[in-house]
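Please work through the model shown below with the sequence at hand. The questions that follow concern the packing of its helices and the surroundings of a few residues.

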Amino acid sequence: MTDISIEELRENFEYFDENGDGKLDLVEFTALMEALGAAETGEDQSFGFRAIDTDGSGDVEFDEFARWFNAR
């Protein structure tokens with residue numbers, strides 16, 4: 001993955017949050033990961049998704065995603 005600022009990360013997150021609810025479902029998350037170069041097209045992202053979803057809500061909120069991204 002390339003290095004990007006938190007502002008750019010938020011812009012990407014919001015772009016892929018297709019319904020604007022402030023969180024990503026698995027489909028939205030997969031598209032974001034592919035765009036960031038963190039996944040191959042069609043690669044199953046469910047394991048990573050569940051690992052990033054630290055509160056177990058079934059969605060990835062920006063704070064969870066940013067925490068993971070900054071720790072990588």
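Q: Which elements are included in what covers the buried residues of α1?
A: In this predicted model, the buried residues of α1, which spans residues 6-16, are Leu9, Phe13 and Phe16. The cover over these residues is drawn from strands as well as helices, and it includes β1 (23-24), α2, β2 (60-61) and α4 (62-71).

Q: Within what arc do the buried residues of α1 fall, seen down its axis?
A: Leu9, Phe13 and Phe16 are the residues of α1 to consider, since they are buried. The opposite face of α1, turned away from the buried side, carries the exposed residues Glu7, Glu11 and Tyr15. The buried residues line one face of the helix, because, seen down the axis of α1, they fall within an arc of 75°.

Q: Does Tyr15 count as buried or exposed?
A: Tyr15 belongs to helix α1, where it sits on the face turned away from the buried side, together with Glu7 and Glu11. Its relative accessibility is 64%, and since the cut-off for the exposed class is over 50%, Tyr15 counts as exposed.

Q: How are α1 and α4 placed to each other, roughly parallel or oblique?
A: The axes of α1 and α4 come within 11 Å and cross at roughly 130°. The contact is made by Ile6, Leu9, Arg10 and Phe13 on the α1 side and by Phe62, Phe65, Ala66, Phe69 and Asn70 on the α4 side. The crossing is right-handed, and from the angle it follows that α1 and α4 are oblique to each other.

Q: At what angle do α1 and α2 pack?
A: Asn12, Phe13 and Phe16 of α1 meet Glu28, Ala31, Leu32 and Ala35 of α2, and the crossing of these two helices is right-handed. The axes of α1 and α2 are 9 Å apart, and the packing angle is about 135°. That angle makes α1 oblique to α2, the value asked for being about 135°.

Q: Which residue caps the N-terminal end of α2?
A: Helix α2 covers residues 26-35, and at its other side in sequence the helix is followed by Gly37, whose phi is positive, near 75°. At the N-terminal end, a side-chain oxygen lies 3.1 Å from the backbone nitrogen of Val27, and the residue that supplies this oxygen is Asp25.

Q: Which elements are included in what covers the buried residues of α2?
A: The buried residues of α2 are Glu28, Phe29, Thr30, Leu32 and Met33. Among them, Glu28 and Leu32 also take part in the meeting with α1. What covers the buried residues of α2 includes α1, β1, α3 (46-52), β2 and α4.

Q: With which residues is Thr30 in contact, leaving aside its neighbours within four places in sequence?
A: Thr30 is found in helix α2 and has a relative accessibility of 17%, so it counts as buried, the cut-off being under 20%. Once the neighbours within four places in sequence are left aside, the contacts of Thr30 are with Glu43 and Gln45.

Q: Does Lys23 count as buried or partly exposed?
A: Lys23 is found in strand β1. Leaving aside neighbours within four places in sequence, Lys23 is in contact with Phe13, Asp17, Glu28, Asp59, Val60 and Glu61; of these, Phe13 is a buried residue of α1 and Glu28 is a buried residue of α2. Its relative accessibility is nevertheless 28%, so Lys23 counts as partly exposed.

Q: Which elements are included in what covers the buried residues of α4?
A: Phe62, Glu64, Phe65, Ala66 and Phe69 are the buried residues of α4. Phe62, Phe65, Ala66 and Phe69 also belong to the contact that α4 makes with α1. What covers the buried residues of α4 includes α1, α2, α3 and β2.

Q: How far apart in space are Thr54 and Thr30, C-alpha to C-alpha?
A: Thr54 lies in the loop between α3 and β2 and is exposed, with a relative accessible area of 58%. Leaving aside neighbours within four places in sequence, Thr54 is in contact with Glu64 and Arg67. Thr54 and Thr30 are 24 residues apart in sequence, and their C-alpha atoms are separated in space by 17 Å.

Methods:
Residues are numbered from 1 along each chain as its sequence is written. This is a predicted model: local features need pLDDT of at least 70, side-chain atom pairs count only at pLDDT 80 or more; totals for chains, interfaces and linings use all residues. Side-chain values use heavy atoms; hydrogens and water are left out. Helices (H or I, at least four residues) and strands (E, at least two) are DSSP runs, numbered from the N terminus. Buried means under 20% relative accessible area, exposed over 50%, partly exposed in between (1.4 Å probe, protein chains only). Contact means heavy atoms within 4.5 Å. The arc is that of the directions from the helix axis to the C-beta atoms. A polar contact is a pair of N or O atoms within 3.5 Å; within protein, one must be able to donate a hydrogen and the other to accept it, and residues adjacent in sequence count only if both atoms are side-chain atoms. Axes are lines fitted to C-alpha atoms, for helices over the stretch in contact, and angles run from 0 to 180 degrees between N-to-C directions. Angles under 35 degrees count as roughly parallel, over 145 as roughly antiparallel, 65 to 115 as roughly perpendicular and the rest as oblique. A crossing is left-handed if the near helix is turned anticlockwise from the far one by less than a right angle, and right-handed if clockwise.
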